[in-house]
Amino acid sequence: MLAHNLVAPASSSAPPSPFAFDRRRRRQPPNHPLFPDASPSGLAGASRRFKVFPLKASFWETIRSGLLKDSATQIVDPPTIPEEEEEILPQEFLLFEKTLPDGSLEQIIFSSGGDVDVYDLQALCDKVGWPRRPLSKLAAALKNSYIVATLHSVRNSPGSDESAQTKLIGMARATSDHAFNATIWDVLVDPSYQGQGLGKTLVENLIRTLLQRDIGNISLFADSKVVEFYRNLGFEADPEGIKGMFWYPKY
């Protein structure tokens, strides 16, 4: 069971997640896996541009000095030329598809866009046996995460006019300082879909997304039952003697 952090589920039902995919418009992952032994799964290269306006150090030096040596004119540096940085947009792509015994087609979709219905997540947490937490805190945890990665099963029945049936079958999320560090939390996969390499693919693509955003110091907390799973993904326990430390209320 892929579970090392606990999140909270509640008991009501919710409207279906607005998550639909068209086979003709899906994007296939590239053929260069980040991890040599992993199944091919990558991220498409959409991006958006935004401007950054850094302040020159000489500007503050000018403020401190106030005036030129001849006490005639105050100096204000001209604005610098804006630098452009890339912001990686959320991605979604098809991992694989298969035909089920009833003739329907099932697609497994990875997304880093954080499209998670909290009620669907509660149901998934129930399936893996996680204890429940307040729904409001679960929603806040998702909202305040840097990246929320998901796996959805999308089923289409041949010759049916009904819309595709979409189900959340996996999730992992990461918090971050948006610069150097990130921590992965709440990795879980529906028990009926475990044993197919989906947990490994989920974590690998979450790591890939963090690396694309230039965040290379990635950590997580693992239950003793899944330490070997994460070790096989390249994580190390106590690297260079570093120990995790925790503070808990004394009541």
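I began with the contact between two helices, and I noted that Val118, Tyr119, Leu121 and Gln122 in helix 2 meet Leu135, Leu138, Ala139 and Leu142 in helix 3. Since this is a predicted model, I take every value below as computed from it. Sorting the residues of this contact by character, I counted seven nonpolar, one polar and no charged.

I then looked up the geometry of the pair. Two packed helices are described by the angle between their axes and the distance between the axes. For helix 2 (residues 118–128) and helix 3 (residues 135–143), I found that the axes come within 10 Å and cross at roughly 105°. Because angles of 65 to 115 degrees count as roughly perpendicular, I entered helix 2 as roughly perpendicular to helix 3.

Next I turned to the backbone. Most residues other than glycine have a negative phi, so I looked for exceptions. I noted histidine 178, which is not a glycine and yet has a positive phi near 65°; the residue lies in the loop between strand 6 (165–176) and strand 7 (181–189). Is histidine 178 buried or exposed? With a relative accessibility of 55%, histidine 178 counts as exposed, because the cut-off for that class is over 50%.

I made a second entry of this kind for aspartate 214, where phi is positive at about 65° although the residue is not a glycine. Aspartate 214 lies in the loop between helix 4 (198–212) and strand 8 (217–220), and at 66% relative accessibility I recorded aspartate 214 as exposed.

I went on to the aromatic rings. How many aromatic pairs does a search of the whole structure find? The search finds six, and I wrote down two of these in detail. One of them joins tyrosine 230 and phenylalanine 235 in an edge-to-face arrangement, with 6.0 Å centre to centre and 90° between the planes; I found both tyrosine 230 and phenylalanine 235 to be buried. Another joins phenylalanine 246 and tyrosine 248, and this pair is stacked, with 6.3 Å centre to centre and 10° between the planes. Phenylalanine 246 and tyrosine 248 are both exposed, and I noted further that Phe246 and Tyr248 belong to one aromatic cluster together with Trp185 and Phe221.

My last entry concerns a charged side chain and a ring: I found arginine 213 over the face of tyrosine 146, at 5.1 Å from the ring centre.

Note on methods:
Residues numbered from 1 in each chain as written. Predicted model: local features only at pLDDT ≥ 70, side-chain atom pairs only at ≥ 80, totals over all residues. Heavy atoms only, no water. Axes fitted to C-alpha atoms, helices over the stretch in contact; angles between N-to-C directions. Helix = DSSP H or I, 4+ residues; strand = E, 2+ residues; numbered from the N terminus. Parallel < 35°, antiparallel > 145°, perpendicular 65-115°, else oblique. Contact = heavy atoms within 4.5 Å. Nonpolar A, V, L, I, M, F, W, Y, C, P; charged D, E, K, R; others polar. Buried < 20%, exposed > 50% of the residue type's maximum accessible area, 1.4 Å probe, protein only. Phe/Tyr/Trp six-rings, centres within 6.5 Å; stacked < 30°, edge-to-face > 60°. Lys NZ or Arg CZ within 6 Å of the ring centre and 35° of its normal.
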